[in-house]
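Subject: Handing over the model

Dear colleague,

Here is the structure I promised to pass on. Please open it alongside this message; my notes follow below.

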Amino acid sequence: MKILQFIAILVLTSVLMIACASGKKQNRTEPIITSTELKELDTVLKEAADNIAKYISQNIRIALLDFDAPSDKMTTYVLDELATNLVQKRKYTVVDRKEIDLILREQGLQRTGEFSDQTAEEMGKLLGAQYIVSGSYTDLGTYCRILIRVLSVKTASIEVQHRDDVQKNLLITELLKGGKTVHIPMEAPKTPSYKVGDKGPSGGYIFFDKGSLSDGWRYLEAAHEDFEFKILWSSTYDNITTFDAVGTGSKNTERIVKFYDDKGKKDTAAHRCAALNIKGFKDWFLPSKDELNLMHKNLAAKKLGFFQTTSDIVYWSSTQSNVSLAWYQNIKNGNQDHGNKNHPYRVRPVRAF
């Protein structure tokens, strides 16, 4: 009887030891991603473009700057496919690769290195792009990971990030052949310096330099000519909070556009400025009261900028005076006053960079 009890205890102990060993082994086993859970590269790039279209507004200029991969062939393939998918959305102006390569050469950079956010932001400004697209390839053994992200040039924040795992098929194997060009670590390109009165990137005139880059801009550039001769500040009387100071015209314009978009009205002076595309630059706004005054002092008074300076011609600012009035300026004599919002005056768009 005692022998049977001993054998039973021995068997039970062995079973428990096997179970414990099995449990420990199971805890050390990592999840395995099978080929059925992986996607093809073209599918991932199409889905990345879909995500960009979902979160990034239309009518903007976007530049596909870089894809950091083990080979130049893969970098080219990914950027070309992604560009094709974005162009087919018919929502964006995609910067041509030749234009990007030209700027890279001018700055002593090349596409085959990984760009820092600062470098990407500066490149976006030089290209006149509102958003920069970059990405990377990571080898994970039996599969690889593709990362695509979109950086806002204005806010330096990542707006969209798409990551997916891709199966290593014949396409990936072929794209990895040939290696990549050895690159020198990249420094942020320097924005060309300007002084007041110089011609700016869009062909207009620089009328303000705050001395250093901050909040995404340093210079204010007036468009090279008037683009609206007779335009209302607004067709209705509404109270919109706006500001006077230099550097607030863009914010004023955004507020006015949003306010009247919500009301279904898109015929304001601010809308006309925001909708402009001058030499690929789409970041125009209606200047604030103080910005408009600087345009008088630094441009019109010095006979720069092709302003209309007859005594009866005035220009709208984006600064409201009250619910029915907004500020304007006589560019010839410099007098600022407020006029009825539904009276037509001239408009000279401005951009900050």
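First, is S317 buried or exposed? S317 is buried: its relative accessible area is 0%. Keep in mind that this is a predicted model.

**Around S317**

S317 sits in strand β9, which spans residues 314-320. Its side chain has a polar atom 3.1 Å from the backbone nitrogen of T319. Leaving aside residues up to four places away in sequence, S317 touches W233, L286, P287, S288, K289, L292, W327 and Y328. Buried is the label because the cut-off is under 20% relative accessible area, and S317 has 0%.

**Confidence**

The chain has a mean pLDDT of 83. Of its residues, 82% reach 70 or more. Two stretches need care. Residues 6-13 have pLDDT below 50, and beyond near neighbours in sequence they make zero contacts in the model. Residues 18-36 also fall below 50, and that stretch has four contacts beyond near neighbours in sequence.

**The five-stranded sheet**

Five strands make an open sheet. Their order is β2-β1-β3-β4-β5, with mixed pairing. The edges are β2 (92-94) and β5 (158-167). Each edge strand has a single partner, so one side of each has no neighbour in the sheet. On average, neighbouring strands are turned by 25 degrees against each other, direction ignored.

At one end of that order, β1 (residues 60-68) pairs with β2 in the parallel sense, over three bridges. R61 has T93 in β2 as its bridge partner. Helix α3, residues 72-87, packs on the sheet. It touches β1, β2, β3 (131-139) and β4 (143-152). The direction of α3 makes about 160 degrees with that of β1.

**β6, β7 and β13**

Look next at β7. Five of its six residues are buried, so the rest of the structure largely encloses this strand. Two pairings involve β7. With β6 (residues 205-214), the pairing is antiparallel and runs over five bridges. There, Y205 has A222 in β7 as its bridge partner. β6 and β7 form a hairpin, with two residues between the strands. D215 lies in the turn and has a positive phi of about 55 degrees.

β7 also pairs with β13, again in the antiparallel sense, over three bridges. L220 has A352 in β13 as its bridge partner.

A salt bridge also joins these two strands. R351 meets E221, with the closest N and O atoms 3.1 Å apart. R351 lies in β13 (residues 350-352) and E221 in β7 (residues 217-222), so the pair ties together parts 130 residues apart in sequence. How buried are the two partners? R351 is buried at 2% relative accessible area. E221 is buried at 0%.

**Other salt bridges**

The count comes to 17 salt bridges. Two others are worth a look on screen.

K263 and D238 meet through their side chains, at 2.8 Å from N to O. This pair links distant parts of the chain, 25 residues apart. K263 is in the loop between α7 (249-262) and α8 (269-274). D238 is in the loop between β8 (228-232) and α7. K263 is partly exposed, with a relative accessible area of 42%. D238 counts as buried, at 9%.

Which residues do shared salt-bridge partners join into one network? K39, E47 and D164. Within this network, K39 bridges to E47, with the closest N and O atoms 2.8 Å apart. K39 is partly exposed, at 27% relative accessible area. E47 is partly exposed too, at 26% relative accessibility.

**Where to start**

I would begin at S317 in β9. Then go to β7, with β6 on one pairing and β13 on the other. The five-stranded sheet can come after that, with α3 packed on it. Treat residues 6-13 with caution, given pLDDT below 50. The same goes for residues 18-36, also below 50.

Best wishes

Methods:
Residues numbered from 1 in each chain as written. Predicted model: local features only at pLDDT ≥ 70, side-chain atom pairs only at ≥ 80, totals over all residues. Heavy atoms only, no water. Helix = DSSP H or I, 4+ residues; strand = E, 2+ residues; numbered from the N terminus. Buried < 20%, exposed > 50% of the residue type's maximum accessible area, 1.4 Å probe, protein only. Polar contact = N/O pair within 3.5 Å; in protein donor to acceptor, adjacent residues only side chain to side chain. Contact = heavy atoms within 4.5 Å. pLDDT = per-residue confidence, 0-100. Pairing = 2+ DSSP bridges. Axes fitted to C-alpha atoms, helices over the stretch in contact; angles between N-to-C directions. Salt bridge = Lys/Arg side-chain N within 4 Å of Asp/Glu carboxyl O.
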